[in-house]
Amino acid sequence: MATILDGVSRTFGEFLLIPRLTRKEQRPDQVDLSTPLSAIEPNQLARFKINTPVVSAAMQSVSGSRLGISLARQGGLAFIFCSQDVASQAEIVRQVKMHKAGFVSSDTNATADMSLREMIELMEKTGHSTVPVTEDGSGRGRLVGLITDQDFWEFEDDLENKVAQHMTPIEEVIHGHEGITLREANQLLHRHKKNCLPILDEKGNLTSLVFKKDYEDHMRHPNELLDESKRLCVGAAINTHDYRERVPAVLEAGADALCFDSSDGFTEFQKEGIEWIRADYGPDVVIGGGNVVSAEGFDYLVETGGVDFIKVGMGGGSICITREQKGVGRGQASALLEVVERRDAYYQETGRYIPICSDGGLANDTQIVIALAMGADFVMMGRYFAMTEESPTPKTSINGQMYKPYWGEGTRRAQNWQRYGDGKSTREMVFEEGVDAYVPLVGSVAECLETTLYKLRSTMVNVGADSLAEFRDQAMLTMVSEQSVVEAGTSTVFQFTASRDVEESRWGEKN
């Protein structure tokens with residue numbers, strides 16, 4: 001008969017942290033959130049660390065080049081999705097690595113003969129209020145002017161007017177020349193009181209833009225995750241079908257870490273993939289395995305001797321229906337607690353520390369905190385980042401509210417049937433393990449992470465911890481009852497605050 005485990009399948013929402021002693025000298029801004037992504041060998045340091053314990057899910061609707069750039073600038077790491085052809089994925093990795101902080105490629109452009117109506121539609125679609133005007137309407141064309149939402153009045157001007165009638169012509173545009181340093185570009189912005197500085201090559205073609213807001217953002221968030229060459233760091237997802245072609249391409253493009261993208265990593269296919277990468281590329285490449293939900297799965301992948309970190313979770317994502325479709329999976333808290341316990345025992349036995357990534361099952365900021373308290377070294381999130389300005393999907397207005405489409409990698413829309421069919425290239429996906437949905441647009445990656453990470457730091461101070469390692473060691477958790485959940489809410493009063501409304505919108509929840 002089947003083996004029945006003791007206990008029930010628990011979620012993060014069933015736990016609360018018990019406060020510990022807070023020392024007088026502790027402050028949230030002094031808490032260290034850096035965490036290892038690579039395995040730590042006995043008596044050695046981690047080969048690769050991230051400055052913020054957050055990575056993005058390897059999903060088409062989440063991890064594109066803009067998200068990769070923005071997340072690295074906040075100290076985290078994006079894993080570029082592998083449900084695309086090898087060349088396309090390598091190009092996205094290359095775009096992140098080639099991005100020079102402060103110099104931004106223009107992805108919203110107009111032509112001089114475009115109407116104001118078309119211009120407004122473009123601005124609403126992209127969310128950009130400053131648009132370069134080029135001869136061919138491309139981001140690398142010859143610059144002929146610049147137009148902003150301050151150059152026209154939507155409800156007063158004739159919307160059939162041409163952009164040329166309202167733009168600032170190139171002769172009057174303050175601009176820089178290719179080769180200018182970022183410091184020099186920012187000085188030009190400051191001196192001329194401008195918000196945007198186009199950078200042109202010797203032929204007058206647009207090469208990039210420098211924004212005042214990016215300078216301000218960098219000064220507020222100087223925690224960028226950079227490699228030894230001062231380039232932004234980025235990860236790449238791989239699968240068990242074509243890793244022999246995909247791994248060389250993404251590593252050549254500059255990927256700093258690899259991660260197998262699979263709902264179930266407890267397979268011989270993944271073990272063989274890890275062993276092949278180690279044999280061909282040596283010990284320095286950072287490799288993540290998973291997903292697993294048990295100590296048994298952890299041990300199987302660790303036996304290869306080549307895995308750096310392991311992802312935990314199955315069926316807990318907001319658009320994942322694996323448990324519903326197949327009856328396979330586990331509550332995220334139960335899965336994480338068991339794997340972390342085995343990880344710690346393995347560390348005691350061997351002296352080798354394997355970082356754990358908690359993937360899925362996070363409904364709000366509080367549960368991110370709980371996951372890290374339970375022993376995860378970092379968390380992987382999809383919906384959280386799908387709701388940001390930088391996710392790769394277009395904005396959509398529904399009843400006056402801006403949304404972005406969000407779909408799982410186990411859907412037909414992802415066109416990733418190889419992972420879910422019967423292994424034959426001629427067979428279409430038989431059933432889906434994800435759904436296709438919309439999530440509210442909530443702001444930039446920087447804005448969202450600022451709130452989330454401040455909550456995390458504040459909680460760590462409540463527990464008396466100065467680092468994530470101390471947080472895991474000192475955390476004390478208690479189960480909650482239905483009545484304690486009611487007690488923690490505001491069921492007995494009428495309450496409305498702007499901050500709470502924004503928070504509910506960010507996570508798509510209404511209490």
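This tour moves through a predicted model, from its confidence to a sheet, its aromatic rings and a few backbone details.

Begin by colouring the protein chain by pLDDT, which averages 88, with 87% of the residues scoring at least 70. Then select residues 417-426, where pLDDT stays under 50 and for which the model has 17 contacts beyond four places in sequence. Where pLDDT is low, the predicted coordinates should not be read in detail.

Next, select strands 6, 7 and 8, which form an open sheet in the order 6-7-8 with antiparallel pairing. Strand 6 (130-134) and strand 8 (168-169) are the edge strands, each of them pairing on one side only. Strands of a sheet pair through backbone hydrogen bonds, either parallel or antiparallel. Between strand 6 and strand 7 (residues 143-148), which run antiparallel, there are five bridges; to follow the register, display T130, which stands opposite T148 in strand 7, and then V131, which stands opposite I147 in strand 7. Now add helix 3 (residues 116-126), which packs on the sheet and touches both strand 6 and strand 7, its direction making about 70° with that of strand 7.

Is strand 6, an edge strand, buried or exposed? Five of its five residues are buried, so strand 6 is largely enclosed by the rest of the structure. With side chains shown, T130, P132 and T134 point one way from the strand while V131 and V133 point the other way, and all are buried.

Turn now to the aromatic rings, for which a search of the whole structure finds nine pairs. Select F266 and Y300, which form a tilted pair at 5.3 Å centre to centre, with 50° between the planes. Because F266 lies in the loop between strand 13 (257-260) and helix 7 (268-281) and Y300 lies in helix 8 (residues 295-302), the pair ties together parts that are 34 residues apart in sequence. The two partners can also be viewed by accessibility: F266 counts as partly exposed at 34% relative accessibility, whereas Y300 is buried, with a relative accessible area of 18%.

Staying with helix 8, select F298 together with Y346, an edge-to-face pair at 5.9 Å centre to centre with 75° between the planes. F298 lies in helix 8 and Y346 in helix 10 (residues 332-350), so this pair ties together parts that are 48 residues apart in sequence. Both F298 and Y346 are buried.

Return to Y300 and add K271, which lies over the face of that ring at 4.9 Å from the ring centre. A further lysine to display is K213, which lies over the face of F211 at 5.5 Å from the ring centre. To finish with the rings, select Y243, F260, W276 and Y281, which form one aromatic cluster.

The last stops concern the backbone. Most residues other than glycine have a negative phi, and most peptide bonds are trans. Select G290 and N291, which are joined by a cis peptide bond with omega of about 10°; N291 lies in strand 14 (residues 287-292). Then go to N43, which has a positive phi of about 65° although it is not a glycine, and which lies in the loop between strand 2 (35-36) and strand 3 (49-50). N43 counts as exposed, at 85% relative accessibility. End at K193, in the loop between helix 4 (182-192) and strand 10 (196-200); K193 is not a glycine but has a positive phi of about 55°, and it is exposed, with a relative accessible area of 74%.

Definitions and conventions
Residues numbered from 1 in each chain as written. Predicted model: local features only at pLDDT ≥ 70, side-chain atom pairs only at ≥ 80, totals over all residues. Heavy atoms only, no water. Phe/Tyr/Trp six-rings, centres within 6.5 Å; stacked < 30°, edge-to-face > 60°. Helix = DSSP H or I, 4+ residues; strand = E, 2+ residues; numbered from the N terminus. Buried < 20%, exposed > 50% of the residue type's maximum accessible area, 1.4 Å probe, protein only. Lys NZ or Arg CZ within 6 Å of the ring centre and 35° of its normal. pLDDT = per-residue confidence, 0-100. Contact = heavy atoms within 4.5 Å. Pairing = 2+ DSSP bridges. Axes fitted to C-alpha atoms, helices over the stretch in contact; angles between N-to-C directions.
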